[in-house]
Amino acid sequence: MKLYEQQDISIYNSLTKTKEILQPIHQGAIGMYVCGPTVYSNVHMGNCRTFLSFDLVFRYLKHLGYKVRYVRNITDAGHLENDADEGEDRIAKKARIEAIEPMEVVQRYTVDFHTVMHSFNALPPSIEPTATGHIIEQIEIIQNILEQGFAYEKNGSVYFDVLKFNESHQYGKLSGRQLEDMIANTRELAAQSEKKNAQDFALWKKAEPQHIMRWPSPWSDGFPGWHLECTAMSTKYLGNKFDIHGGGMDLKFPHHECEIAQAEACNHENPVNVWMHANMLTLNGKKMAKSTGNNILPNELFTGNNDLLSKAFPPVVAKFFMYQAHYRSILDFSNDALEASEKGYHRLMDAYRSISELTPSVKSDYNIDEWRQSCYDAMNDDFNSPILIAQLFEAAKWINTVKEDKAGLTKGDLDLLQQTMHNFLFDVMGLIDLSDNANSNGEKLSGTIDLLIELRNQARANKDFATSDQIRDQLLEVGIQLKDGKEGTSYSLI
Ligand SMILES: [Zn+2]
């Protein structure tokens with residue numbers, strides 16, 4: 001029996017604005033799409049929070065035994081500045097500023113993104129498709145929408161006709177906006193605009209002569225509108241209707257609203273069962289922004305190289321800090337809050353490690369079965385990680401009481417406690433025990449040096465001084481100094 005058969009997950013659906021029990025379209029399998037990064041600059045902490053929120057969802061669903069196909073795209077083209085259709089492609093702009101190829105920008109920041117995600121011990125998605133790798137699919141969708149009568153061509157560009165769509169569908173249902181209000185609140189269209197209405201959005205843009213990123217299409221040499229890629233890649237890999245679509249709160253409108261409109265115009269069905277949106281991260285109570293300096297990049301956090309930080313914080317501590325808030329709440333990032341989380345993180349790890357040293361009792365003073373279910377209940381309630389962490393702290397308190405011989409747990413309960421803590425700390429939250437890592441790496445290093453000292457001794461015994469000197473000198477080059485004394489050879493790291 002799979003774990004998911006015993007646990008009902010309820011998820012807050014941004015579309016219906018209620019918590020709903022997750023009912024997979026296909027028994028035992030979940031299709032999840034999350035809007036990935038636009039790779040024109042370093043990923044910032046706010047993005048990281050969104051992706052770590054969905055890493056938690058991905059890991060928990062897997063832990064329950066679901067077969068999860070998690071698709072997270074890379075936006076490497078077509079993202080227009082300020083979402084204004086007249087804007088310049090952001091990646092092309094950055095490329096010109098730095099005088100390098102657009103694909104060089106894409107490569108650099110994709111690698112940066114992967115490195116950061118790896119530091120946080122986030123699992124890679126099952127498929128990570130790129131927008132530029134799906135131009136043909138995007139062109140096919142535009143053709144389909146044109147055939148359905150929900151788009152029009154103007155001077156080589158194609159726009160989605162929002163007003164026409166809204167006659168037979170509902171545009172604005174995800175963000176809760178009324179099209180009439182949107183129209184009332186828009187200023188007159190600029191005279192040079194090709195759009196019939198300000199709410200219309202680009203499906204295809206004709207490229208200006210100086211535009212470097214361009215592809216041939218039936219309408220012009222150009223590039224796809226940003227909203228289109230997610231419709232193309234989600235439905236290609238997950239089907240016309242799939243279980244979960246996630247992203248940052250800021251993508252709800254217009255990006256996700258446009259995705260729904262495109263998919264409904266094309267496939268005649270609502271593409272997604274559950275829409276999930278992760279909330280933003282503020283810094284010292286204010287919005288993070290590069291322009292004001294109120295900003296921390298992941299690498300600055302890991303190295304402590306930022307005036308707003310008193311020290312370096314390991315990625316796993318930052319991850320733990322983020323999970324101490326629910327993904328739908330705004331979370332404020334500060335040095336003090338991180339320091340508090342670091343203490344909490346170590347308290348949990350210490351408690352977990354000490355379980356194996358506890359002596360079993362004949363009876364238990366705590367109900368571990370009930371506690372275990374309360375951990376699942378927390379995650380089943382819209383992935384409520386702060387409640388889960390509170391449950392883990394409760395267990396840490398019990399562990400310390402047992403350690404002081406003030407209470408007892410049976411062998412069976414100790415095993416269940418250890419297994420459950422392991423599952424939630426490492427499998428579901430994807431934390432890493434830092435001291436564990438450091439210890440085992442230390443042991444590996446000392447074992448390796450001992451072996452080299454032994455080989456050097458053998459070389460000296462054979463009067464092979466060239467080899468013995470080579471071992472000594474090359475170890476010194478990497479910062480390990482051998483010292484020969486009466487007791488034999490010792491070493492120090494310099
Ligand atoms: Zn998207």
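# Helices, domains and a few odd spots

Biologist: Let's start with helix α10 (residues 315-323) and helix α11 (residues 335-354): at what angle do they pack?
Modeller: Bear in mind that this is a predicted model. In it, the axes of α10 and α11 lie 9 Å apart, and the packing angle between these two helices is about 100°.

Biologist: What do we call the way α10 lies relative to α11?
Modeller: The angle is about 100°. Angles of 65 to 115 degrees go by one name, so α10 relative to α11 is roughly perpendicular.

Biologist: Which residue class leads in the contact of α10 with α11, and with how many residues?
Modeller: On the α10 side we find Val 317, Ala 318, Phe 320 and Phe 321, and across from them sit Ala 337, Leu 338, Ser 341, Glu 342 and Tyr 345 of α11. One residue of this contact is polar and one is charged, which leaves the class with seven: nonpolar.

Biologist: On to helix α4 (residues 135-148) and helix α8 (residues 252-267): are they roughly parallel or roughly perpendicular?
Modeller: Their axes are 8 Å apart and the angle is about 70°. The band from 65 to 115 degrees covers that value, so α4 and α8 are roughly perpendicular.

Biologist: How many charged residues are in the contact of α4 with α8?
Modeller: α4 brings Ile 141, Asn 144, Ile 145 and Gln 148, while α8 brings Gln 262, Ala 265 and Cys 266. Sorted by class, that gives four nonpolar and three polar, and the number of charged ones is no more than this: none.

Biologist: Helix α7 (residues 226-238) packs on α8 too, so what is their orientation called?
Modeller: Here the angle is about 55°, and the axes lie 9 Å apart. That value falls outside the 65 to 115 band and is neither under 35 nor over 145 degrees, so α7 and α8 are oblique.

Biologist: Is the crossing left-handed or right-handed for α4 over α8, and for α7 with α8?
Modeller: α4 passes α8 in a left-handed crossing. For α7 and α8, the crossing is right-handed.

Biologist: Which class has six residues in the contact of α7 with α8?
Modeller: In α7 the residues are His 227, Leu 228, Cys 230, Thr 231 and Thr 235, and they meet His 255, Cys 258, Glu 259, Gln 262, Ala 263 and Asn 267 in α8. Four of the residues count as nonpolar and one as charged, so by the class rule the class with six is polar.

Biologist: Which helix holds the residue that follows the cis peptide bond?
Modeller: The cis bond runs from Phe 253 to Pro 254, with omega near 0°. Pro 254 is in helix α8.

Biologist: Zooming out, which element gives the largest share of the side of domain 1 that touches domain 2?
Modeller: The chain is split into domain 1 (3-278), domain 2 (282-428) and domain 3 (434-493). Between the first pair, 26 residues of domain 1 contact 25 residues of domain 2. On the domain 1 side, β1 (10-13), α1 (45-63) and α3 (102-119) each give two or more residues. With 11 residues, the largest share comes from α1.

Biologist: How far apart are the C-alpha centres of domain 1 and domain 2?
Modeller: Each of these domains has residues touching the other. Taken centre to centre, though, their separation is 33 Å.

Biologist: Where does pLDDT stay under 50?
Modeller: The chain has a mean pLDDT of 92, and 94% of its residues reach 70 or more. Where pLDDT is low, the predicted coordinates shouldn't be read in detail. The stretch to treat that way has 18 contacts beyond four places in sequence, and it covers residues 79-85.

Definitions and conventions: Residues numbered from 1 in each chain as written. Predicted model: local features only at pLDDT ≥ 70, side-chain atom pairs only at ≥ 80, totals over all residues. Axes fitted to C-alpha atoms, helices over the stretch in contact; angles between N-to-C directions. Helix = DSSP H or I, 4+ residues; strand = E, 2+ residues; numbered from the N terminus. Left-handed = near helix turned anticlockwise from the far one by under 90°. Contact = placed C-beta atoms within 7 Å. pLDDT = per-residue confidence, 0-100. Domains from an automatic or database assignment.
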